[in-house]
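Colleague: Could you take me through this one before I open the viewer properly? I'd like to hear about cavities, then the contact between chains, then charges.

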Amino acid sequence: MLPFKTAARRAEAQDNDPAPARPLAGITQLQQWFGRPATFRGAMAGIVLLLILGPFVFSQYITVIMTNALLYVVLCLGLNVVVGKAGLLDLGYAAFFAVGAYTTGILTLQFGWNFWASIPVALVAAAISGVIIGGPTLRLRSDYLAIVTLGFGEIVRFSARNLEITGAASGLSGIQQPRLFGWTIDSAVDFYYVFVVLAIGAVIASIRLSDSRIGRAWLYVRHDEDAAEAMGINRVAVKLAAYVTGAIYGAIGGIFFAVNLGAISPESFSFEQSVLILMAVILGGMGKIPGVILGAFIIVLGPELLRDLGELRLLVFAIGLLLIMLFRPSGIWPGRTQ
Amino acid sequence: MTTFDILAQQLVNGLVLGSFYALVALGYTMIFGVIKLLNFAHGDVYMIGGFVGFAVLSLVGGLVGTGWGGIALSMFVSMIAVGFLGVVIERIAYHPMLAAPRLSILITALAVSLVLQNSVLALTGGEFTAFRTNLGFGGIALGGVFITYNQMVLVGMAAILMLALETFVTRTQYGRAMRAVSIDKDMCRLMGIDVTKIIAVTFLIGSALAAAAGTMAGAYYGSIWYFMGFLIGLKAFTAAVIGGIGSIPGAMAGGLILGLLEAFGTQIPFIGSEWKDVFSFSILILVLVFKPTGLFGKSEVERM
């Protein structure tokens with residue numbers, strides 16, 4: 001191979017990885033990064049400890065931003081299942097986020113349901129919307145799929161803006177904060193811990209998923225759909241499972257986003273939201289769990305750090321994304337050396 | 001107004017809207033034809049076209065006026081400038097990615113779109129810019145239907161551009177090479193066709209057509225802003241898909257069909273104008289699901 005590789009060739013090389021040979025992709029990568037498993041366990045314990053002690057060290061402002069970052073960790077891990085694992089470009093991921101948030105919002109506000117009772121309904125609604133979006137579109141080519149998911153995302157947002165039950169353009173407000181064993185989850189610190197639990201849960205679920213039979217099936221389908229099918233993998237069912245899994249992650253994010261803010265409006269679920277989540281997944285490195293977490297933090301903390309740049313910061317982000325695609329298409333997180 | 005008049009008036013509105021869609025859809029379809037890329041940034045190229053046209057009109061407006069003459073001139077300059085912008089975009093962003101997996105190049109296109117949008121956002125502060133023209137509101141009344149001269153000029157200009165494109169593609173050496181490249185790139189290389197150059201020409205023409213549409217739309221609607229390319233990009237893609245992506249007559253027909261469907265769609269009871277966009281996205285999804293090859297497209301067995 002030539003001493004210098006073009007971005008394209010590097011991307012190609014990455015795509016031709018004999019990936020099925022490493023079923024424990026998430027864990028193995030982490031282990032390689034940290035060297036030995038003992039260091040790895042130590043680092044994990046350190047991160048968890050840091051997260052738990054966080055609010056005692058952080059100011060209120062930083063706690064709120066960290067909560068937001070953890071929300072994005074959940075969302076990005078969800079989108080990572082669809083884009084990174086199964087290789088389906090979804091440009092309407094905010095739709096699932098919206099379904100979760102609005103289902104909870106509508107059930108608790110308009111129908112007076114208990115918050116906890118609304119969760120299973122919201123998850124089922126998200127799973128169903130995953131099937132509705134995925135079902136007819138998964139046989140399409142990847143670029144058609146991208147645009148159709150974009151269209152669906154916009155349909156969801158337009159519907160939320162035009163329907164009576166979703167509170168039209170002003171959205172829903174006054175969503176009750178949840179109670180748990182007589183304790184009302186209402187302060188910023190309370191919600192911080194809720195999102196710590198959700199994010200850790202999402203990470204563990206993602207690692208377990210990439211470790212599982214379906215996770216390996218996603219990998220096969222992403223690398224060679226025809227070969228996967230020849231090996232007896234039901235292409236459509238496997239892709240649909242990726243959609244539904246991603247939808248459930250998104251809905252969980254949405255449910256707790258709604259009760260955290262107490263108010264939701266259609267503009268929280270715009271195309272930019274979908275792009276932001278996608279950007280995080282790509283920045284960190286598609287398919288790599290630690291990379292995606294890193295991406296989520298960059299996407300939330302970056303704009304805070306660049307706040308002085310004003311409107312230019314989005315441009316900085318966009319140029320960054322372009323440069324990453326051109327020079328490091330596998331993301332910031334280091335991949336395997338060949 | 002009678003029902004017939006309302007429908008006839010919507011026919012006129014639909015034709016104007018459809019002309020914009022068709023011009024933008026042509027770029028989508030041509031670029032897709034030669035490099036099989038869905039150029040997400042194409043709607044933003046249209047937006048840049050509007051802004052460049054506005055800038056030129058502001059510069060020369062004092063000399064030639066802001067009537068149709070001035071607009072035609074600024075449209076022409078905008079077409080050239082944005083055409084070359086399209087070539088630069090292709091060379092910087094897409095060319096190195098042509099051999100990369102499809103997902104990578106799609107995301108690159110998305111990144112280009114964000115860069116274009118946010119550059120204009122940073123320059124304009126996200127405000128609507130008034131596109132001041134001196135076009136007047138004159139027109140002729142046919143029965144109960146009122147057609148403004150502006151609408152006629154607009155549809156006329158769009159028709160001229162499309163005819164010119166059709167002539168270029170079917171009658172010239174470059175057009176023939178372009179069609180050949182869209183069929184088989186490797187064979188073209190063997191036949192001595194400079195594929196890289198043909199791709200550049202395609203981007204030049206596709207972007208120039210979008211710029212023409214952008215300037216005309218700015219003049220017609222009277223304002224421009226950084227996000228104006230997003231929705232029309234989606235709609236134009238829908239139009240290209242309806243016509244069969246990769247097919248030039250298909251894009252023209254698809255644009256007009258979508259414009260008309262949208263105009264008539266606003267008249268369907270319970271749908272109304274606030275559901276107009278949902279209506280066109282639903283059309284897109286239905287077409288993709290039931291007839292992904294569109295009206296004029298060739299069937300293609302291909303997976304990601």
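**Cavities, interface and charges**

Modeller: Let me begin with the second largest cavity, to whose lining α5 (94-110), α7 and α12 (271-284) of chain A each supply at least two residues. Please keep in mind throughout that this is a predicted model.

Colleague: Which element gives the most to that lining?

Modeller: That is α7(A), which contributes three residues to the lining of the second largest cavity. Among the residues that line this cavity are Leu150(A), Gly153(A) and Glu154(A), along with Phe269(A), Ser270(A) and Phe271(A).

Colleague: And how much space lies in it, the second largest cavity I mean?

Modeller: The second largest cavity holds about 40 Å³ of space, and its lining residues divide into six nonpolar, four polar and one charged.

Colleague: How many cavities of 30 Å³ or more are there by this rule?

Modeller: The count comes to two cavities of 30 Å³ or more, and the largest cavity has a volume of about 130 Å³. Of the 14 residues lining the largest cavity, those closest to its centre are Leu150(A), Tyr28(B), Phe40(B), Ser113(B) and Phe230(B).

Colleague: Which elements give two or more residues to the lining of the largest cavity?

Modeller: Those are α7 (142-162) of chain A, together with α2 (42-64), α4 and α9 of chain B. The most comes from α9(B), with four residues, and by class the lining of the largest cavity has eight nonpolar residues, five polar and one charged.

Colleague: Switching to the interface, how many residues of chain B are in contact with chain A?

Modeller: There are 47 residues of chain B in contact with 49 residues of chain A, and the two chains bury about 4,400 Å² between them, with 78% of that on carbon and sulfur atoms.

Colleague: Which elements of chain B give two or more residues to the side that touches chain A?

Modeller: They are α3 (68-94), α4 (102-124), α9 (228-243) and α11 (276-290) of chain B. The largest share of that side, 15 residues, comes from α4(B), and by class the side of chain B that touches chain A has 34 nonpolar, six polar and seven charged residues.

Colleague: What about salt bridges across the interface of chain B and chain A, how many does the rule find?

Modeller: The rule finds zero salt bridges across that interface, and the count of residue pairs in polar contact between chain B and chain A, with both at pLDDT 80 or more, is likewise zero.

Colleague: How many salt bridges turn up over all chains, then?

Modeller: A search of the whole structure finds eight over all chains. One pair to look at is Arg161(A) with Glu267(A), which form a salt bridge whose closest N and O atoms are 3.6 Å apart.

Colleague: What does that pair tie together?

Modeller: Arg161(A) lies in helix α7 of chain A and Glu267(A) in the loop between β4 (263-264) and α12 of chain A, so the pair ties together parts that are 106 residues apart in sequence.

Note on methods
Residues are numbered from 1 along each chain as its sequence is written. Chains are lettered from A and ligands numbered from 1 in the order in which they are written. This is a predicted model: local features need pLDDT of at least 70, side-chain atom pairs count only at pLDDT 80 or more; totals for chains, interfaces and linings use all residues. Side-chain values use heavy atoms; hydrogens and water are left out. Contact means heavy atoms within 4.5 Å. Buried area is the accessible area (1.4 Å probe) that two parts lose on being put together, summed over both. A salt bridge is a side-chain nitrogen of Lys or Arg within 4 Å of a carboxyl oxygen of Asp or Glu. A polar contact is a pair of N or O atoms within 3.5 Å; within protein, one must be able to donate a hydrogen and the other to accept it, and residues adjacent in sequence count only if both atoms are side-chain atoms. Ala, Val, Leu, Ile, Met, Phe, Trp, Tyr, Cys and Pro count as nonpolar, Asp, Glu, Lys and Arg as charged, and the others, Gly among them, as polar. On a 1 Å grid over the protein atoms alone, a cavity is a set of points where a 1.4 Å probe fits but cannot get out, and a pocket is an open set with protein on both sides within 12 Å along at least five of seven lines; lining residues have an atom within 4 Å of a point. Grid points are joined across faces, edges and corners, and a volume is the space filled by probe spheres set on the points.
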